[in-house]
Each structure stands twice: as structure tokens, then as C-alpha cells.
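This note sets out several local features for a colleague who has the coordinates open. The points below may be read in any order.

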Amino acid sequence: MTLLGLAGGASAVVPAEFDYLSTLAWSQDGWTVAGVRSGPPDSSGRVAADIVEVDVRTGAAATVASFDGVFEAAPAGYSPGGDRLYVVTVSQTGSTLWAVQDGTVEKAGVLSAGRTRDWALSPDGARLAYIDIRAGSDRAYIGRTMLLATGAISEQPAPADQIGVAWTPGSEVPDFGGPGGSVQLTGAEEEGAYVVPVRWSPDGTVLAARVFAAEGGSERQIAGETLELTTAESRLFLTDRPGAWAFGFVIDAE
């Protein structure tokens with residue numbers, strides 16, 4: 001992992017190893033980031049995964065939680081004060097949410113009896129939005145939200161698959177993407193295309209999103225993907241390079 005200071009351009013290499021394209025979670029004050037380091041998979045694809053926390057100011061890295069026999073472990077986000085880190089594990093028993101704080105790991109809830117993806121903690125730390133994968137059903141990808149205080153799970157009605165999650169600042173309801181998402185393109189020329197939200201700007205006016213175009217035919221296939229900045233009135237093309245990603249918005253200190 002390399003930490004790059006956007007204001008001055010200074011960089012520092014963290015003396016620790018992480019998974020290639022590891023899921024990352026940043027504390028809201030920007031001084032702590034968590035990533036994943038996994039061992040080699042066994043014959044069933046299970047790994048031993050460590051959650052590694054990095055102090056941005058010093059570059060020091062420390063393992064704050066370890067999970068054995070999981071298919072995946074991912075930091076989902078920090079509480080507003082930065083003292084608690086939420087981690088999701090996917091294993092043979094389903095998807096579980098854990099709270100990591102002061103050297104202890106506690107079970108915070110069960111997200112699903114199966115696999116999940118696209119986890120996103122709300123800005124106020126009260127809810128976790130995610131996609132529940134239900135293979136073999138009419139909708140294979142279903143947007144769900146857990147209220148962390150009670151563990152209650154709700155679903156956002158949708159006519160088709162939901163993919164990707166982003167929280168508008170101040171909202172208690174997440175924005176899900178995909179063909180059945182709450183974020184949709186308008187215009188006849190956009191038929192079959194869909195949006196996967198990545199991140200809202202701090203003022204909630206600009207959405208960084210991946211836009212998937214579809215081919216015609218009885219079974220639509222993905223024809224292309226672009227990364228764009230979108231508002232209610234405009235779309236700004238950034239790139240169509242495969243694997244491109246938007247990490248967040250730069251705060252203007254002036």
C-alpha cells in the first residue's frame with residue numbers, strides 16, 4: 001500500500017502486505033485506513049484473513065482482527081468517531097457483520113444465509129446497506145439495509161437486480177444501482193443501460209458512477225462500461241478504461 005498526499009504529492013509505502021485490490025475502509029477523519037491480507041486458499045476456496053489497520057500519519061500497520069475459514073473478509077466502514085470498525089465475512093454459514101473495537105471482535109449481526117457484496121456504511125454509522133446474492137431466484141441481486149442498533153433488515157422494492165450502493169449525505173435511505181436500482185438514466189437512447197453508483201460528493205450534488213451500456217437482442221449483454229461524474233442535469237465522461245475506479249472527492253481546503 002502506498003499513501004499519497006494529494007495536497008503536496010508526498011508518498012509513503014506502508015511496510016505491510018495486502019491483498020491485490022483489497023477492499024479499503026477509511027475513517028471519516030481520514031487518519032486511518034483498513035485493508036485485508038489473506039493467506040492461500042484451501043481446496044474449498046477458504047482463507048485465513050487478517051484485517052490490517054494503518055495509521056496514515058505514521059504509516060504504522062497493525063492487525064486488528066483475524067478470521068479463519070472464510071471465503072472473504074472485508075472492512076465495511078468506521079463509526080463516525082473512528083473507534084469502531086465494521087467487518088463483513090462471507091463463509092459457508094453465510095454473511096456475518098462484526099464490530100472491531102479496542103482489540104475485541106464482536107458479532108454485530110447476520111446479513112444473509114448466503115453471499116453478499118457491495119457493503120456500504122451510512123455516514124451516520126447507523127445502517128449498513130449491501131447486496132444479497134440469491135442464486136436461482138427471479139432477482140439474483142437484492143438491495144438490503146440493516147439497522148445496526150437492532151439488527152433489523154429491510155429490502156428496497158425493485159423490479160430487477162440491484163447492484164452497487166452509495167449513500168447520499170444526510171439520507172437514511174441508500175441509493176442502489178443496477179437495472180432495478182433507484183438511480184436510473186433517462187432518455188430513449190439509454191434503453192438497457194444501467195448505473196452502478198460509486199460515491200456521492202460531500203454536498204450530495206454529484207455522483208461518481210459506473211455506467212453499463214447494453215446490446216439489443218432477446219438476452220441483453222454488456223457492451224461497454226464508462227466511469228462518469230453525473231448530476232441531475234449533466235454527465236461528464238471520465239474514462240472507459242477497464243478497472244478504473246473513483247476513490248472519492250478531494251476537499252477544497254480554500
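In this note, a residue counts as buried when its relative accessible area is under 20%, as exposed when that value is over 50%, and as partly exposed in between. The model under discussion is a predicted one.

1. Ala 74 and its surroundings. Ala 74 belongs to strand 7, which spans residues 72-78. With a relative accessible area of 0%, Ala 74 falls under the 20% limit and is therefore buried. Once neighbours within four places in sequence are set aside, Ala 74 is in contact with Thr 23, Val 36, Tyr 86, Val 87, Val 88 and Trp 119. A further relation concerns Arg 37, which is 37 residues away from Ala 74 along the chain, while the two C-alpha atoms are separated by 9.9 Å.

2. Strand 7 and its partner. The burial of Ala 74 may be read together with that of its strand: six of the seven residues of strand 7 are buried, so that the strand is mostly covered. Strand 7 pairs with strand 8 (residues 85-91) in the antiparallel sense, over six bridges. Within this pairing, Val 88 of strand 8 is the bridge partner of Ala 74, and Val 88 also appears among the contacts of Ala 74. The two strands form a hairpin with six residues between them, and in the turn Gly 82 has a positive phi of about 80 degrees.

3. A second hairpin. Strand 11 (residues 116-121) and strand 12 (residues 127-133) run antiparallel and are joined by four bridges. Ala 120 has Ala 129 in strand 12 as its bridge partner. Five residues lie between the strands of this hairpin, and Gly 125 takes a positive phi near 70 degrees. Trp 119, one of the contacts of Ala 74, has a number that falls within the range of strand 11.

4. The open sheet. Which strands make up the open sheet, and in what order? Four strands form it in the order 3-4-5-6, with antiparallel pairing. Strand 3 and strand 6 (61-70) stand at the edges; each has a single partner strand, so one side of each is left without a neighbour in the sheet. Strand 3 pairs with strand 4 (residues 32-38) through two bridges in the antiparallel sense. In this pairing Ala 25 stands opposite Ala 34 of strand 4.

5. Ala 61 on an edge strand. Ala 61 is found in strand 6, one of the two edge strands of the open sheet. Is Ala 61 buried, exposed or partly exposed? Its relative accessible area is 34%, which lies between the limits of 20% and 50%, so Ala 61 is partly exposed. Not counting residues up to four places away in sequence, Ala 61 touches Val 14, Ala 16, Val 52, Glu 53 and Val 54. The C-alpha atoms of Ala 61 and Pro 15 are separated by 7.2 Å, although these residues are 46 residues apart along the chain.

6. Positive phi outside glycine. Leu 21 is not a glycine, yet has a positive phi of about 60 degrees. Leu 21 lies in the loop between strand 2 (11-13) and strand 3 (25-26), and at 72% relative accessibility it counts as exposed. Asp 102, also a residue other than glycine, has a positive phi near 50 degrees. The place of Asp 102 is the loop between strand 9 (94-101) and strand 10 (104-112); its relative accessible area is 72%, and Asp 102 is exposed.

7. A buried serine in a loop. Ser 201 lies in the loop between strand 17 (194-200) and strand 18 (207-214). Ser 201 has a relative accessible area of 5%, which is under 20%, and it is therefore buried. Its side chain is joined to that of Asp 203 by a polar contact of 2.6 Å. In addition, a polar atom of the Ser 201 side chain lies 3.3 Å from the backbone nitrogen of Thr 205. Beyond its neighbours within four places in sequence, Ser 201 is in contact with Pro 169, Val 206 and Phe 249.

8. A nonpolar surface patch. Leu 4, Leu 6 and Val 250 make a nonpolar surface patch of about 340 Å². Val 250 is located in the segment after strand 20 (235-239). At a relative accessible area of 63%, Val 250 is exposed.

Key: Residues are numbered from 1 along each chain as its sequence is written. Side-chain values use heavy atoms; hydrogens and water are left out. Buried means under 20% relative accessible area, exposed over 50%, partly exposed in between (1.4 Å probe, protein chains only). A polar contact is a pair of N or O atoms within 3.5 Å; within protein, one must be able to donate a hydrogen and the other to accept it, and residues adjacent in sequence count only if both atoms are side-chain atoms. Contact means heavy atoms within 4.5 Å. Two strands pair if DSSP finds at least two bridges between them. Patches are made of residues with over 30% relative accessible area and no salt bridge: like charges are joined within 9 Å, nonpolar side chains (Val, Leu, Ile, Met, Phe, Trp, Tyr) within 5 Å. Accessible areas come from the Shrake-Rupley method with a 1.4 Å probe; for residues, only the protein chains shown count as cover. A salt bridge is a side-chain nitrogen of Lys or Arg within 4 Å of a carboxyl oxygen of Asp or Glu.
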